[in-house]
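Colleague: I should like to learn how the features of a model such as this one are to be read. Could we take them in turn, with the general idea and then the case at hand?

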Amino acid sequence: MKICVYAISKNEEKFVARWVNSMKEADEIFVLDTGSTDNTVEELKKFNVNVTVKKIDPWRFDVARNESLKLVPEDADVCVCTDLDEVFEEGWRKKLETVWNQNTTRARYNYNWSFDENGKPAVNFYIEKMHIRNGYQWTHPVHEVLTYKGEEHTITIPNITLNHYPDASKSRSNYLPLLELSVKEDPEDDRNMHYLGREYMYYKKWNEAIDTLIKHLNLKRATWKDERAASMRFIARSYTALERFEEARMWLDKAIEEAPYLRDAYIERALLEYQLENWKLIEEYCRKALEIKTHQKSYINEPFSWNHTVYDLLSLSYYYQGNYEKALESINQAIELCPNDERLLNNKKLIETQI
């Protein structure tokens, strides 16, 4: 098989050596640099990467991705799209070759989007950026996706893992206008409407977030329950920020009803009740969350739903209800998952003084 990696870059010289080392299992590596002012291009060439420089104006991620895909030779069997802040775990090529067959058009694999303070995956889901050379095209100005002309045959390779180590100093300020453009271009696209509402929430544009997320829920194509529940949770967060707590509760209840198999809305309800000091309700929603044992491998899942947070909340709930033994048991479970958290350790000491 001929396997080619392709990527776009801009001012990422500090990532080049690490990235190339993890991509070198491919036969060839192609990069479209979109205007670096540092030594990214020189560093890539030092490692014999095929580099082309082209400015994309006006900027769109889909256009840049498609231009980078054009660099890949037509005789490539598999194209692998990555970014320079991503790293494959060793042996990915052999795992790909083992399961890829003549009917395969695309593969999904394990993606660790972020890590917690202990180096454990915090947000983990499948991505699908391995594909055949022809028939695929990137669409949407931001949060771009691969679309295929024809019938797809996708395989899952869970033992291939790509890790993401983003540059926190890099600005993402162009995401909001690009999302607004994306929704303008395709107002019926449920995914981008959801993303736009979420982006308004990130910018603390609470009313715009609420309005946009409700639009998402009313779209005909908005049928994925996980994403619908997330829109409901984000509406609730916006109402919480506006101190309209009953409306926040109502939307969290809707999120639970929409996707009762996800922990996220239960934990968010517990967090809301913590803000309002309703200790018994915190216990109730944390217990319901813990009944859910299956982690859905989706970008929708919140890190706080599967880390120490639920036990942290439970310990506080038990403490303020006077159940110090249960509080100690819960804080120990939280510390087991997050052993270096000073606040948790201090809370444990405080609980122990009551026993």
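**Cavities, pockets, cores and strands**

Modeller: A search of the whole structure finds 3 cavities of 30 Å³ or more. The model is predicted, so local features need pLDDT of at least 70 and side-chain atom pairs count only at pLDDT 80 or more, while totals for chains, interfaces and linings use all residues. Residues are numbered from 1 along each chain as its sequence is written, and side-chain values use heavy atoms, with hydrogens and water left out.

Colleague: What is a cavity, and what is a pocket?

Modeller: On a 1 Å grid over the protein atoms alone, a cavity is a set of points where a 1.4 Å probe fits but cannot get out; a pocket is an open set with protein on both sides within 12 Å along at least five of seven lines, and lining residues have an atom within 4 Å of a point. Grid points are joined across faces, edges and corners, and the volume is the space filled by probe spheres set on the points. Here the largest cavity has a volume of about 40 Å³.

Colleague: Which residues line the largest cavity?

Modeller: Its lining consists of Ala229, Arg233, Ala255, Ala259, Leu262, Asp264 and Ala265. Two or more of the lining residues come from each of α8 (225–241) and α10 (264–275), where helices (H or I, at least four residues) and strands (E, at least two) are DSSP runs numbered from the N terminus.

Colleague: Which residues line the second largest pocket?

Modeller: Asp116, Lys120, Pro121, Ala122, Asn124, His295, Lys297, Pro303, Trp306, Asn307, His308 and Leu337 do so, around a volume of about 220 Å³. Strand β7 (residues 121–131) gives the most to this lining, with 3 residues.

Colleague: How is a nonpolar core recognised, and which residues touch the most other members of the largest one?

Modeller: A core is a set of buried Ala, Val, Leu, Ile, Met, Phe, Trp, Tyr and Cys residues joined through side-chain atoms within 4.5 Å. Buried means under 20% relative accessible area, exposed over 50%, and partly exposed in between, with a 1.4 Å probe and protein chains only. In the largest core, of 63 residues, Ile235, Trp251 and Cys286 touch the most other members. Helix α8 gives the most to this core, with 7 residues. Apart from it lies another core, of 45 residues, including Cys4, Tyr6, Val31 and Trp100.

Colleague: With which residues is cysteine 286 in contact?

Modeller: Contact means heavy atoms within 4.5 Å. Leaving aside neighbours within four places in sequence, cysteine 286 is in contact with Ala270, Val310, Leu313 and Leu314.

Colleague: Why is strand β1 described as largely enclosed?

Modeller: In a regular strand the side chains alternate between the two faces of the sheet. In β1 (residues 3–9), 7 of the 7 residues are buried, so the strand is largely enclosed by the rest of the structure. Ile3, Val5, Ala7 and Ser9 are buried on one side, and Cys4, Tyr6 and Ile8 on the other.

Colleague: Which strands pair with β1 in the parallel sense?

Modeller: Two strands pair if DSSP finds at least two bridges between them. β1 runs parallel to β4 (residues 78–81), joined by 4 bridges, and valine 5 has valine 80 of β4 as its bridge partner. With β2 (residues 28–33), β1 pairs in the parallel sense over 6 bridges; tyrosine 6 stands opposite phenylalanine 30 there.

Colleague: Is asparagine 301 buried or exposed?

Modeller: Asparagine 301 counts as buried, because its relative accessibility is 4%. This residue lies in the loop between α11 (279–290) and α12 (309–320).
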